[in-house]
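Here is a short report for a reader who has not met this structure before. Please look at the model first, then read on.

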Amino acid sequence: MASSPTALVLGAGIMGLSAAWGLVRQGFSVRIVEQDPVPNPRGASVDHHRLIRHAYGAEAGYMRMVDPAYAAWDQVWRDIGEVLHVGTGVLAVSGRADGWLGESRATLAADGLAFTDLTAAEVAARFPIFTEAGIGAAFHMEPGGVLLAERIVAGLARHLTARGVVFERARAVAVDPARATLRLADGGERSADLLVVAAGPWAPRLLPGSLAPRVVPSRQILVLLEPPAQHREGWVRAPMLLDLAEDGGFYAVPPVAGTPLKIGDHRFSRTGDAEADPREATAAEVEEILAFARPRLRDMAGYRVIGARACYYDVEDAERFVVEAIAPRCLVMSGFSGHGFKFAPVLGLALAAATSDPTLMPTLAPWAAGEAAPAPGLLAALEPVAA
Ligand SMILES: Cc1cc2nc3c(=O)[nH]c(=O)nc-3n(C[C@H](O)[C@H](O)[C@H](O)COP(=O)(O)OP(=O)(O)OC[C@H]3O[C@@H](n4cnc5c(N)ncnc54)[C@H](O)[C@@H]3O)c2cc1C
């Protein structure tokens with residue numbers, strides 16, 4: 001009897017876990033090498049939450065990837081035995097009708113996705129936790145919500161362990177794509193038929209030739225807030241808030257499922273080192289995020305800062321994902337530019353499908369980069385199975 005093909009995955013963030021999940025479904029025997037505990041508090045895939053939403057500026061490719069992403073999450077929920085998504089809807093606001101918000105409206109409308117335009121007064125009337133001051137344009141969308149990131153990573157790791165995936169706690173110090181081999185800090189080597197490098201913000205250093213010219217680590221700040229008593233009820237049913245103005249904006253994640261209210265900055269710092277730099281946020285970094293939120297959150301002076309930290313992720317120049325073969329037996333998953341979590345399972349399924357069908361491999365990179373529709377067959381694993 002032929003033995004199953006083997007895969008080695010570097011990194012147990014959401015991308016490595018999702019690749020492993022897809023590959024196990026294709027019959028691979030998988031080993032994951034990870035330097036830190038899983039979930040990894042130093043990785044890009046946790047804290048409590050990540051957002052999933054269709055509003056994507058002018059990026060129609062990523063907007064169209066959201067429904068397949070939801071279908072892939074449904075398969076994750078079935079496998080891990082619980083639904084770790086809370087629907088909140090999306091409220092997009094901006095000082096101006098053009099820019100990211102205007103492009104999102106146009107791109108959503110072109111594909112017939114429903115949203116409701118709101119005036120500034122309607123925003124404040126419908127969601128009294130927000131102010132109307134300075135709002136030049138706004139819309140609300142029903143679909144969209146919060147993925148409970150840390151619990152998802154833990155659940156997937158448990159599921160994969162039960163499916164026979166081996167987790168090895170070790171640090172890789174070198175990657176040899178041509179030999180599909182990792183060299184470990186203790187001098188040992190691990191090889192497989194296929195190597196997937198999903199090393200988050202550490203990846204550019206490990207692949208200085210193929211990745212470092214395109215992808216850089218980026219230090220990003222998150223602030224956790226406790227709303228004042230009069231607004232706690234309002235936040236229970238609040239939508240995610242997206243105020244992603246090009247010249248400085250922020251997003252707010254409602255305090256769903258016992259998690260704290262979180263605000264963050266979507267602009268990229270494009271600086272920092274995920275290995276060496278501290279995770280503590282400075283007072284100046286916290287103040288920068290609070291300054292964006294102050295005009296939007298009513299009674300902001302009454303909000304208490306209950307935590308703040310730095311997180312690192314990997315940014316590609318045009319915010320396009322890099323999911324591609326860099327050698328015949330080595331794939332890289334990188335460049336997720338602060339918006340990859342929502343797509344991880346669908347990317348994992350597509351990567352595994354491309355691995356098992358060489359005609360699909362050339363179609364993987366342009367689709368993952370948001371530049372092309374998926375080739376027929378790339379997302380076949382999402383199609384309903386005939387009864
Ligand atoms: C603050 C913040 C907010 C975000 N918001 C959203 C959002 O709302 N929606 C969304 O879709 N996305 C969002 N993202 C992006 C998303 O979370 C990331 O794209 C995704 O988590 C990246 O996962 P990853 O597996 O590539 O990286 P990671 O989670 O960093 O995993 C990489 C793993 O590789 C391991 N590793 C690296 N090098 C080595 C080595 N040499 N040896 C052994 N192990 C190694 C690391 O220890 C790490 O655990 C956000 C990210 C951050 C940081």
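The ligand is surrounded by 34 residues, counting a residue as near if one of its heavy atoms lies within 4 Å of the ligand. The closest are E34, A44, S45, L51 and C311. This is a predicted model, in which local features need pLDDT of at least 70, side-chain atom pairs count only at pLDDT 80 or more, and totals for chains, interfaces and linings use all residues. Residues are numbered from 1 along each chain as its sequence is written, and side-chain values use heavy atoms, with hydrogens and water left out.

The table gives polar atoms of the protein beside atoms of the ligand.

| Residue and atom | Ligand atom | Distance |
|---|---|---|
| N40, polar side-chain atom | oxygen | 2.9 Å |
| A44, backbone N or O atom | oxygen | 2.8 Å |
| G340, polar backbone atom | nitrogen | 3.4 Å |

Now the domains. The bounds come from an automatic or database domain assignment. Domain 1 covers 6–54 + 149–214 + 318–368. Domain 2 covers 88–145 + 216–316. Their centres, taken over C-alpha atoms, are separated by 28 Å.

How many residues of each domain are in contact with the other? Domain 1 gives 30 and domain 2 gives 34, where contact means heavy atoms within 4.5 Å. The size of an interface is often given as the accessible area lost when the parts come together. Between domain 1 and domain 2 the buried area is about 2,700 Å². That area is the accessible area (1.4 Å probe) that two parts lose on being put together, summed over both. Carbon and sulfur atoms give 56% of the area buried between the two domains. On the side of domain 1, H49, L51 and H54 supply 23% of the area buried against domain 2, more than any other three residues. L51 is also among the residues closest to the ligand.

Charge plays across this interface too. The rule finds 4 salt bridges there, each a side-chain nitrogen of Lys or Arg within 4 Å of a carboxyl oxygen of Asp or Glu. K262 forms a salt bridge with D47, with the closest N and O atoms 2.5 Å apart. Between the domains, 18 residue pairs are in polar contact, both residues at pLDDT 80 or more. A polar contact is a pair of N or O atoms within 3.5 Å; within protein, one must be able to donate a hydrogen and the other to accept it, and residues adjacent in sequence count only if both atoms are side-chain atoms.

Which elements give two or more residues to the side of domain 1 that touches domain 2? They are β3 (49–52) and α6 (203–206). Here helices (H or I, at least four residues) and strands (E, at least two) are DSSP runs, numbered from the N terminus. β3 gives the most, with 4 residues.

The whole structure holds 26 salt bridges. In one of them, D79 pairs with R25, the closest N and O atoms being 3.6 Å apart. This pair links distant parts of the chain: D79 is in helix α2 (residues 60–80) and R25 in helix α1 (residues 14–25), 54 residues apart.

Some backbone details remain. The peptide bond from V38 to P39 is cis, with omega near -5°. P39 is in the loop between β2 (29–34) and β3. A257 has a positive phi near 50° and is not glycine. A257 lies in the loop between β16 (250–253) and β17 (261–265). S337, also not glycine, has a positive phi near 50°. The loop of S337 runs between β20 (330–334) and α9 (344–356).
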